[in-house]
Amino acid sequence: APAPVSNNLPTLDITLPDPAQSLSWVQSNKDNKALATLSLSDPSGTYSIAPQVGGELKGRGNFTWTLEKKPYQIKFPATTDVLGMGAAKTWILLANHADASLMRNKVALDFAEAIGLPYTPASRWVDVRINGAYQGNYLITEKVEVKKNRADLSHPQAILAELDNNYGVEEDYYFRSPTTNTVFTLKDAKSGVDNPLSLDTKAGWDDMKASLNALDAALHATNPDWAV
């Protein structure tokens with residue numbers, strides 16, 4: 001019999017057809033990518049997704065990846081609208097293992113959306129089963145990336161940066177702000193993140209460094225000049 005799920009929540013089913021790419025294999029290394037069949041059952045019937053063969057399951061996260069309940073990234077074989085959040089291939093499954101309420105990420109994302117923060121990822125709660133075994137409640141969210149229906153940036157020098165004091169130095173491109181030694185990383189860009197960086201991406205990254213350094217300095221100045 002199928003594992004129990006919540007009556008009023010959508011259920012995401014992930015099937016791993018290759019025995020060599022088992023769930024334990026995925027959990028053994030965050031970079032392991034397993035072939036997956038993905039489907040979703042929506043109690044309302046509005047957003048159900050028929051099984052899609054040729055998808056992908058892999059791990060994600062840094063500290064959260066070290067916890068017992070693992071977070072994942074899933075990828076559909078084709079752009080797919082998940083629970084009305086827009087069509088895209090790649091989606092994030094947040095485990096919320098360190099949060100007994102399971103609500104902190106959801107509240108933060110909903111608040112950011114309510115105050116109009118651009119490109120706030122949409123999110124929905126789902127129950128997750130992998131090979132029929134219930135994995136628990138997850139928050140499925142849009143991936144933060146430069147793409148249509150995500151951060152749909154238009155300027156060729158536009159970039160996405162992330163504050164990451166824990167693992168930022170492991171990224172290909174990062175810097176430390178001189179005021180507080182905070183680590184910021186280059187996560188994505190309209191013109192791509194290659195080695196070496198394109199002229200447009202480099203210009204955007206340099207501009208972001210200057211802006212973040214100025215903001216960091218102003219936040220810690222005795223009498224900041226906010227007009228600068």
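## Surface and overall layout

The chain exposes about 12,600 Å², and carbon and sulfur atoms supply 52% of that area. Keep in mind as you read that this is a predicted model. Of the 228 residues in the chain, 42% count as buried. Along its principal axes, the C-alpha trace spans about 65 × 35 × 35 Å.

For the charges, the chain carries 21 positive and 26 negative side chains, and the centres of these two sets lie 3 Å apart. Contacts can be looked at by sequence separation too: among those between residues at least 6 apart in sequence, 51% join residues at least 24 apart.

## Order of the elements

The chain has 3 helices and 10 strands. Read from the N terminus on, the elements run β-α-β-β-β-β-α-β-β-β-β-β-α. The strands can be followed through a barrel and an open sheet, taken in turn below.

## The barrel

In the barrel, 7 strands close up in the order S1-S2-S3-S4-S5-S7-S6, and the pairing is mixed. From one strand to the next, the twist averages 35 degrees. As a reminder for this part and the next, strands of a sheet pair through backbone hydrogen bonds, in either a parallel or an antiparallel way.

One pairing to pick out is that of strand S4 (residues 72-81) with S5: the two run antiparallel and are joined by 6 bridges. Within S4 and S5, Ile74 stands opposite Trp91 in S5. Helix H2 (residues 104-114) lies across S5, strand S6 (123-130) and strand S7 (133-142), and H2 runs at about 145 degrees to S6.

## A closer look at Thr90

Thr90 has its place in strand S5 (residues 87-94). Is Thr90 buried or exposed? Its relative accessible area is 6%, under the 20% cut-off, so Thr90 counts as buried.

Which residues does Thr90 touch, leaving aside those up to four places away in sequence? The list is Gln73, Ile74, Lys75, Lys143, Glu145 and Arg150. Ile74 thus turns up twice in this report, as a residue that Thr90 touches and as the one opposite Trp91.

## The open sheet

An open sheet of 3 strands has the order S8-S10-S9, with antiparallel pairing. Its edge strands are S8 (159-163) and S9 (174-176), each of which pairs on one side only. Neighbouring strands of this sheet are turned by 30 degrees against each other on average, direction ignored.

S8 and strand S10 (residues 183-189) pair in the antiparallel sense over 5 bridges. Two residue pairs help to place them: Glu162 has Thr185 in S10 as its bridge partner, and Ile159 stands opposite Ala189 in S10. With S9, S10 also pairs in the antiparallel sense, over 3 bridges, and here Val183 in S10 is the bridge partner of Arg176. S10 is mostly covered, with 6 of its 7 residues buried.

## Turns, loops and backbone details

S9 and S10 form a hairpin with 6 residues between them, and Asn181 in the turn has a positive phi of about 65 degrees. Further backbone details sit in loops. Leu83 is not a glycine, yet it has a positive phi of about 55 degrees. Leu83 is found in the loop between S4 and S5, and it is buried, with a relative accessible area of 6%.

Leu102 also has a positive phi, near 65 degrees, in a residue other than glycine. Its place is in the loop between S5 and H2. How does its accessible area compare with the cut-offs? At 25%, the relative accessible area of Leu102 lies between the 20% and 50% limits, so Leu102 is partly exposed.

Last comes a peptide bond worth finding in your viewer: the one from Asn195 to Pro196 is cis, with omega near 5 degrees. Pro196 is in the loop between S10 and helix H3 (199-219).

Methods: Residues numbered from 1 in each chain as written. Predicted model: local features only at pLDDT ≥ 70, side-chain atom pairs only at ≥ 80, totals over all residues. Heavy atoms only, no water. Pairing = 2+ DSSP bridges. Helix = DSSP H or I, 4+ residues; strand = E, 2+ residues; numbered from the N terminus. Axes fitted to C-alpha atoms, helices over the stretch in contact; angles between N-to-C directions. Buried < 20%, exposed > 50% of the residue type's maximum accessible area, 1.4 Å probe, protein only. Contact = heavy atoms within 4.5 Å. Areas by Shrake-Rupley, 256 points an atom, 1.4 Å probe, with all protein chains shown as cover. Lys, Arg positive; Asp, Glu negative; His and termini not counted. Charge placed at Lys NZ, Arg CZ, Asp CG, Glu CD.
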